[in-house]
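Open the model in your viewer and keep the selection tool ready. The tour goes stop by stop.

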Amino acid sequence: MTRRSFSRFSIYAAAIGLLAISVVKVAPSLAAEDAVVIPPPAIDVKNASGIQTAVLAGGCFWGVQGVFQHTKGVVNAVSGYSGGSKMNADYHMVSTGTTGHAESVEIKYDPTKISYGKILQIFFSVAHDPTQLNRQGPDTGTQYRSAIFTTSDEQKRVADAYIAQLNAAGVYKKPIVTKVGPLQAFFAAEAYHQDYLTLHPTQPYIAYNDIPKVENLKKIFAENYSEKPVLVSDIKVTN
C-alpha cells in the first residue's frame, strides 16, 4: 500500500467508516479544509471563443474533478498528471513524489457560460486551500502541490494578478503558495480515478474531504452549480 493509499483509504476509516453516510447527509461542513468566500478577480481573460482549457492542481484530483464536474459551463473535467514526463505519468510512480508531476485536472469549458477568472475563483474558494505547501488535508508530497498550469500568456497574467489581489486583500490567514507556470503536457489518469467522487460518495475519504467541497460550491456559487455532473464516462460514450 502506497503512502497516499494509506492517507486516502485508511486514515479516516477507523474514525468515520461507519458514519460515512451520515457525514455526507448530516455534516457536510466538517471538511478537512473550509471554504473561503473571496472576491472575484479584478481582471479576466477577454474575448475567448470556442471551448477553452484550464489545468489546475489542488491536492487529490478526486475532489477537484468533482467540484468542476458540478460547475455550469464546464463540458469535461479529467483527472490526470502535469509537470512531469509521459514515461512516468503513472499513479504508482507519481505517488512516490519523485516524478515532478502534480495531480491535476484538465477542465474544458465554454467561455460564453463561465470565464477563466470564475474558474479560478471557485478553485481558490472551495476546491482546495491554496495556502498549504506541498499538501492538502491528509495528503503530503509535491504531487499534492497547488499549481496553475497556464495555456496562454493571458491566462498567466490573470492568474498572477488574482493571486496578488487575494494576498493584498488578506482573505487568507497565510500567503497563497500556488505556483503559476506554463502547461507542458497533461496526461490523463487511469480510468479508475475518473468520476471517482460521483461513483464513491460514501467512501470515507470522499465523504470527509470532498463531498463538502461540492456542497460549498452549491452554497457559495449557487448560480454556477449544476446538480447533474458532467462525467468522463458520459463523454466517452457520446464520442
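**Stop 1: a salt bridge beyond one helix**

Select K218: at 38% relative accessibility, K218 counts as partly exposed, because that class lies between buried (under 20% relative accessible area) and exposed (over 50%), with a 1.4 Å probe and protein chains only. This is a predicted model, in which local features need pLDDT of at least 70 and side-chain atom pairs count only at pLDDT 80 or more, while totals for chains, interfaces and linings use all residues. Residues are numbered from 1 along each chain as its sequence is written, and side-chain values use heavy atoms, leaving out hydrogens and water.

Now add E227. Its side chain meets that of K218 in a salt bridge (3.7 Å, N to O). The term requires a side-chain nitrogen of Lys or Arg within 4 Å of a carboxyl oxygen of Asp or Glu. E227 counts as exposed, at 54% relative accessibility. The whole structure holds four salt bridges.

**Stop 2: helix 7**

Select residues 153–169, which form helix 7. Helices here are DSSP runs (H or I, at least four residues), and strands are E runs of at least two, numbered from the N terminus. Pick K156 and D160: their closest N and O atoms are 2.6 Å apart in a salt bridge. The two lie four residues apart, about one turn of the helix. K156 is partly exposed at 31%, and D160 is partly exposed at 32%.

Next, take R157 and E154. Their side chains form a salt bridge at 3.4 Å, N to O. They sit three residues apart in helix 7. R157 is partly exposed at 42%; E154 is also partly exposed, at 26%.

**Stop 3: helix 9**

Select residues 204–220. How far apart are the end C-alpha atoms of helix 9? They are 24 Å apart, which agrees with the 24 Å expected for 17 residues at 1.5 Å a residue; the expected span is 1.5 Å times one less than the number of residues. Zoom to D210: a kink of about 40° lies there, shortly before P212. The bend is the angle between axes fitted to the seven residues ending at a residue and the seven starting there. Of the 17 residues in helix 9, 12 are buried, including Y205, I211 and L217.

**Stop 4: the core**

Show F68, L120, F124 and I148. They have the most contacts inside the largest nonpolar core, which has 47 residues. Such a core joins buried Ala, Val, Leu, Ile, Met, Phe, Trp, Tyr and Cys residues through side-chain atoms within 4.5 Å. Helix 6 (residues 116–127) gives the most to this core, with eight residues.
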